[in-house]
Amino acid sequence: MNTVQVSLDLAGIFVFALSGALVGIRKDLDVLGVLVLAGVTGLGGGILRDVLIGAVPPASLGDWRYLVVPAVAGVVAFRFHPRLARIERHINVFDALGLGLFCVTGTAKAMLYGLGPVPSALLGMLTSIGGGVLRDLLAGRTPLVLKQEVYALPALAGATVVAVTWELGLYRSWVAIVAAVLCITLRLLAIRFRWDAPKANGLVR
Amino acid sequence: MNTVQVSLDLAGIFVFALSGALVGIRKDLDVLGVLVLAGVTGLGGGILRDVLIGAVPPASLGDWRYLVVPAVAGVVAFRFHPRLARIERHINVFDALGLGLFCVTGTAKAMLYGLGPVPSALLGMLTSIGGGVLRDLLAGRTPLVLKQEVYALPALAGATVVAVTWELGLYRSWVAIVAAVLCITLRLLAIRFRWDAPKANGLVR
Amino acid sequence: MNTVQVSLDLAGIFVFALSGALVGIRKDLDVLGVLVLAGVTGLGGGILRDVLIGAVPPASLGDWRYLVVPAVAGVVAFRFHPRLARIERHINVFDALGLGLFCVTGTAKAMLYGLGPVPSALLGMLTSIGGGVLRDLLAGRTPLVLKQEVYALPALAGATVVAVTWELGLYRSWVAIVAAVLCITLRLLAIRFRWDAPKANGLVR
């Protein structure tokens, strides 16, 4: 189980860091700015979670794999990034993959630290949206989570699957993967079909 | 005393969450974005305080009342929000109420955790301005605390009343309410009469 | 050694707080906004570090010197700030001094708390860039660290000197000062000669 958890975590860091690096490239940042944005996006959500559950210093600061992965992602994006016209779409897809991987690992770590299923699911959601929010704040973009498409809901759905199965003693490796796939699928469908949640103005006027 | 503390806390979360939800509605966000902004604004200041005093995981993540209140506030604002023209004023009033309630509960919790009166008053101020600052950062607004009207001072005044009376052993339920009313009154007067603190340029040129 | 550490720390808080106050003056904030920005810039990096290494409540909240210094810096900047035309340059110079002082004290404190040299150097870099990032986020500026000149690299260089000498048992007062001077010199040279790190677009197109 631990190997699955760490693998999903590193995969999530990699894809989130890719999305952060692409935002940096789109913002015309230099290579150091791109690496900083890759690191913040890849590690930010997990660090927020670790601070909130009292797991300090955060695991990612003391484990070389957690530090190398976003650096590699930053260099890869910097060197091989696609033409600018396609960047926005790639950002959203890598962001969706990170969302799915982190809602699972974030929730599982919170359960492991003895939190109940409701706070664990919320922390899982925070883990998966936190890195992207920090990325967008630093880059001066409106955070994706506040924009029109369905964003936080897929993360909450995946986190809920993990929290409920863990609470019932049914959490297995394949459940982790199902939960991540559920979140990623919902998010990609929301992007593809431009699902919009209702707005206040539409209701009232 | 505990009931007063929790009641003031929940009331503060409710009004701050209303202000956050209204900012979200004004920014034309969908229902999920509005709920996220309501939650961040209502719970953000207290979570910042809890992390800084080492009270992790933050109480609000493990207590269902602290999670339901901002959700209710978000739904209420989403469904019954006033016409857009009046929103800005309502945001400022709800924000002032939250400021007053949180400067009291934030300071009291820090004293309870054994911090001295000066850091406790500062943490009380941080608790009361933190949620609004996070709200404004996420929504891409200049934080109110940095704008022209008197904002942080009322929070510091209320927090100081709590810290001093607690240190002297005179802190009672009615003191908590007096301190909150003091902060709210100062803030509302500052809004009403457009009190401006001096600016550097005026002094020097 | 402790006196050197505290002196460097207070000096770093003072110059960073000056840079924060000048940003506030440039943004036409009132005296309270200027003081808030001075406090956040001077204390923010250290508080981030303390939260991440589990040193809560952060030392700066309980030590009156750490609270008086940014207040004095804010008042000094507010009263004696130079003409607006020169402000930008002064912000960058004070920011460079803060960068150099904090990369040393931040790394040393992390080593003192038992972290390894790699996470300690990263936390040192975070301590020195954190306050400025918070300052720029609050003031609605693009964080300097993401802009074109070499910014995070000098901080990482200074932090690495401290981490390596500490690990080898060679860390002395004069090493601390050499590391700070190294970082400050690199940063000032980068500003003076407009050193730019490579950008992705230049490589690919």
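Here is a walk through this structure, from the way its chains are arranged down to a few single residues. Keep in mind that this is a predicted model.

Let's start with how the copies relate to one another. Take chain A, turn it by 120° with a shift of 0.0 Å along the axis, and it can be laid on chain B with an RMSD of 0.0 Å. That is the relation of a three-fold axis. Now try chain C: a turn of 120° and a shift of 0.0 Å along the axis lay chain C on chain B, again with an RMSD of 0.0 Å.

So what does the contact between chains A and B look like? Chain A puts in 28 residues and chain B puts in 24 residues. On the chain A side, the elements that give two or more residues are H2 (31-53), H6 (117-138), H7 (152-167) and H9 (200-204), each of them a helix of chain A. H6(A) gives the most to this side, with five residues. If you sort the chain A side by class, you get 21 nonpolar residues, five polar ones and two charged ones.

Move over to the contact between chains C and B, and you'll find 24 residues from chain C and 27 residues from chain B. Here the elements of chain C that give two or more residues to the side touching chain B are the helices H2 (31-53), H3 (59-62), H4 (64-80) and H6 (117-138). On this side the largest share, seven residues, comes from H2(C). By class, the chain C side has 17 nonpolar, four polar and three charged residues.

Do the copies meet through the same surfaces or through different ones? Only 7% of the interface residues of chain A are also interface residues in chain B, so the copies meet through different surfaces. Chain C tells a matching story: only 8% of its interface residues are also interface residues in chain B, so there too the copies meet through different surfaces.

Next, zoom in on a pair of helices inside chain A. Two packed helices are described by the angle between their axes and the distance between the axes. For H1 (residues 2-26) and H2 of chain A, the axes come within 7 Å and cross at roughly 145°. The crossing in which H1(A) passes H2(A) is right-handed. Where do they meet? From H1(A), the residues in the contact include A:Ile13, A:Phe16, A:Ala17, A:Gly20, A:Ala21 and A:Gly24, while those from H2(A) include A:Gly33, A:Val34, A:Leu37, A:Val40 and A:Thr41. The contact of these two helices has 11 nonpolar and seven polar residues, and no charged ones.

Two of those residues turn up again in the largest nonpolar core, which has 230 residues. The members that touch the most other members are A:Ala21, A:Leu37, B:Ala21, B:Leu37, C:Ala21 and C:Leu37. Pick C:Leu37 and see what surrounds it. Leaving aside its neighbours within four places in sequence, C:Leu37 is in contact with residues of its own chain, among them C:Gly20, C:Ala21, C:Leu29 and C:Arg135, and also with B:Leu146.

The loops have some details worth a look too. In the loop between H1 and H2 of chain A you'll find A:Asp28. Its phi is near 65°, a positive value in a residue other than glycine. A:Asp28 counts as partly exposed because it has 14 C-beta neighbours inside 10 Å. In chain C, C:Asp28 lies in the loop between H1 (2-26) and H2. Phi of C:Asp28 is also near 65°, and this residue is partly exposed, with 13 other C-beta atoms within 10 Å.

A bit further along, A:Pro57 is in the loop between H2 and H3 (59-62) of chain A. The peptide bond that joins A:Val56 and A:Pro57 is cis, with omega about -10°. In chain C, the bond from C:Val56 to C:Pro57 is cis as well, with omega near -5°, and C:Pro57 sits in the loop between H2 and H3 of that chain.

Last stop: B:Glu88, in helix H5 (residues 84-112) of chain B. Is B:Glu88 buried or exposed? It counts as exposed, because it has 11 C-beta neighbours inside 10 Å. From B:Glu88 to B:Asp136 is 48 residues in sequence, and 13 Å in space, C-alpha to C-alpha.

Key: Residues are numbered from 1 along each chain as its sequence is written. Chains are lettered from A and ligands numbered from 1 in the order in which they are written. This is a predicted model: local features need pLDDT of at least 70, side-chain atom pairs count only at pLDDT 80 or more; totals for chains, interfaces and linings use all residues. Two residues are in contact if their C-beta atoms, placed from the backbone, lie within 7 Å. Helices (H or I, at least four residues) and strands (E, at least two) are DSSP runs, numbered from the N terminus. Ala, Val, Leu, Ile, Met, Phe, Trp, Tyr, Cys and Pro count as nonpolar, Asp, Glu, Lys and Arg as charged, and the others, Gly among them, as polar. Axes are lines fitted to C-alpha atoms, for helices over the stretch in contact, and angles run from 0 to 180 degrees between N-to-C directions. A crossing is left-handed if the near helix is turned anticlockwise from the far one by less than a right angle, and right-handed if clockwise. A residue is buried if 20 or more other C-beta atoms lie within 10 Å of its own, exposed if 12 or fewer, and partly exposed in between; C-beta atoms are placed from the backbone. Copies are superposed by least squares on the C-alpha atoms of residues with pLDDT of at least 70 in both. A nonpolar core is a set of buried Ala, Val, Leu, Ile, Met, Phe, Trp, Tyr and Cys residues joined through C-beta atoms within 7 Å.
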